[in-house]
Protein chains: 2
Amino acid sequence: MFLLRRGTAMSYVLLRDGSRQILRFHFPGDILGWSALAFRHSLETVVAMSDAEVAPFDRTALVALMTQNPRLGAALSALALLERQVMSDRLATLGRTDARGRVAALLVEMRDRMSACGMANGDEFQLGLTQEEMGDAVGLTAVHVNRMLRLLEEEGLITRAGSRVTVLNHGALAQMANYVDRSDGVDLEWLTPAR
Amino acid sequence: MFLLRRGTAMSYVLLRDGSRQILRFHFPGDILGWSALAFRHSLETVVAMSDAEVAPFDRTALVALMTQNPRLGAALSALALLERQVMSDRLATLGRTDARGRVAALLVEMRDRMSACGMANGDEFQLGLTQEEMGDAVGLTAVHVNRMLRLLEEEGLITRAGSRVTVLNHGALAQMANYVDRSDGVDLEWLTPAR
DNA sequence: CGTTGTATTGACACTGGTCAAGCATGGTGG
DNA sequence: CCACCATGCTTGACCAGTGTCAATACAACG
């Protein structure tokens with residue numbers, strides 16, 4: 001298991017038929033390799049998407065730490081639950097949204113996360129993904145991702161300059177993506193000591 | 001939060017456009033309402049699919065318990081991680097599998113889970129779902145679910161009798177669904193005391 | 001300069017959605 | 001006991017959305 005300290009990464013699975021599903025993009029502060037806690041073999045592949053710096057740690061050490069400091073353990077559980085929620089939202093996106101909405105969802109999510117990491121310049125940010133990677137993340141082909149990007153641009157919702165993207169109409173994108181910002185619903189109050 | 005003691009349930013989200021994405025089917029022993037631990041408001045709806053019996057418990061009590069018994073806390077974290085893994089697999093299914101494979105995945109998953117609960121009779125089991133529910137779970141319309149069921153039956157992979165389904169060729173179904181049984185990879189050895 | 005990977009675009013095929021109709025099934029009230 | 005109704009299942013015809021294939025244009029890089 002690793003803590004991502006600097007740079008970006010992504011995790012994916014390869015299916016038997018050779019196709020790839022990107023599960024998650026990682027930004028500084030994320031924990032990589034959760035599944036090592038519950039499974040013998042790693043079930044997903046993590047690759048860096050840029051120069052990156054990670055802090056490895058051993059799961060047995062983590063367990064010792066959680067035992068000594070239960071509150072820390074609870075906090076980590078909460079992190080796992082937030083991950084679970086992100087997955088739920090992505091499930092809904094893949095299952096019940098059309099191609100345009102999925103690309104919009106990806107853009108909005110990436111902007112929000114990069115913004116939270118100080119990696120965005122307002123609504124402009126560098127989406128360090130090939131269109132094939134975008135497709136593998138949202139269940140589309142690279143060709144169709146390209147068409148949807150063009151469409152979003154023609155609709156005046158985004159602009160592109162090289163690999164930099166600017167979100168012009170966050171609301172419209174979020175709407176077509178059925179995007180819900182979860183951050184304001186987070187409630188970790190129970191983590192504080194019951195004094 | 002609840003522990004499902006008897007019966008079956010499912011959890012879903014409703015999107016802004018009115019469509020429904022079923023996230024998970026629950027069987028006896030499952031914990032319902034995880035998201036209450038990390039969020040102020042519940043983000044998903046849980047409904048019983050049959051007569052059911054649940055044991056409610058309060059999250060503050062849970063936290064106290066986890067603090068007193070860190071090992072229990074770790075075990076719950078592990079449960080959350082298993083949930084996360086199930087979601088990952090479903091994500092790959094929705095993103096990278098065709099309609100036939102998705103229906104196959106649903107059937108195989110349901111059979112395995114019901115089998116684990118003693119709710120299946122060998123390869124025959126009662127799939128207590130309408131075709132619309134099946135569709136909402138795997139991102140298809142009810143009509144197309146029906147077509148895929150017919151196709152699977154014509155291919156000799158399943159038979160249907162009323163609402164009972166028999167899996168005739170588990171291997172072929174699992175293959176087209178890119179299904180991976182995770183249970184033999186689970187490793188919770190780290191939960192045992194480091195003596 | 002070639003080479004390689006990525007982006008862009010068009011033509012076409014096919015999967016899955018939509019709409020509509022008919023059919024079973026089981027429950028309900030008379 | 002039976003007519004009636006609601007719900008879900010089944011099927012066909014047609015269409016929209018997405019994938020596939022192929023050709024071209026770029027850009028980075030040795």
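# A tour of two DNA strands and some salt bridges

Start with DNA strand D: the surface near this strand is made up of four nonpolar, six polar and five charged residues. Here, near means that a heavy atom of the residue lies within 4 Å of the molecule or strand. Ala, Val, Leu, Ile, Met, Phe, Trp, Tyr, Cys and Pro count as nonpolar, Asp, Glu, Lys and Arg as charged, and the others, Gly among them, as polar.

The model is predicted, so to speak of a local feature a pLDDT of at least 70 is needed, side-chain atom pairs count only at pLDDT 80 or more, and totals for chains, interfaces and linings use all residues. Residues are numbered from 1 along each chain as its sequence is written, chains are lettered from A and ligands numbered from 1 in the order in which they are written, and side-chain values use heavy atoms, with hydrogens and water left out.

**Stop 1: DNA strand D**

Select the 15 residues that surround DNA strand D. The closest are A:Ala99, A:Arg147, B:Gln131, B:Asn146 and B:Arg150. Helix α5 of chain A and helix α5 of chain B each supply at least two residues of this surface, and α5(B) gives the most, with four. Helices are DSSP runs of H or I with at least four residues, strands are runs of E with at least two, and both are numbered from the N terminus.

Which part of DNA strand D do the side chains of B:Gln131 and B:Arg150 approach? For B:Gln131, a side-chain N or O atom is 2.6 Å from a phosphate oxygen; for B:Arg150, the distance to a phosphate oxygen is 3.0 Å. Add B:Arg160, where a polar side-chain atom lies 3.1 Å from a phosphate oxygen of the strand. Of the strand's atoms within 4 Å of the protein, 64% belong to sugar or phosphate and the rest to bases.

**Stop 2: DNA strand C**

Now select DNA strand C, which is surrounded by 15 residues. Among the closest are A:Asn146, B:Ala99 and B:Arg147. The side chain of A:Asn146 has an N or O atom 2.7 Å from a phosphate oxygen. B:Ala99 uses a backbone N or O atom, also 2.7 Å from a phosphate oxygen. At B:Arg147 look for a base nitrogen of the strand, 2.7 Å from a polar side-chain atom. α5(A) gives the largest share of this surface, four residues.

**Stop 3: salt bridges**

Side chains of opposite charge can pair when their charged atoms come close. A salt bridge is counted when a side-chain nitrogen of Lys or Arg is within 4 Å of a carboxyl oxygen of Asp or Glu. The count over all chains is 32.

Select B:Arg100 and B:Glu155, a salt bridge with its closest N and O atoms 2.7 Å apart. B:Arg100 is in helix α3 (residues 99-116) of chain B and B:Glu155 in the loop between α5 and β9 (158-161), so the pair ties together parts 55 residues apart in sequence.

Next, in chain A, pick A:Arg111 and A:Asp123, a salt bridge whose closest N and O atoms are 2.9 Å apart. A:Arg111 sits in helix α3 and A:Asp123 in the loop between β7 (120-121) and β8 (124-126), 12 residues apart. Are the two partners buried or exposed? A:Arg111 is buried, at 13% relative accessible area, while A:Asp123 is partly exposed, at 34%. Buried means under 20% relative accessible area, exposed over 50%, and partly exposed in between (1.4 Å probe, protein chains only).

Finish with A:Arg24, A:Glu44, A:Glu83 and B:Arg84, which are linked in a network of salt bridges.

Terms used: Polar contact = N/O pair within 3.5 Å; in protein donor to acceptor, adjacent residues only side chain to side chain.
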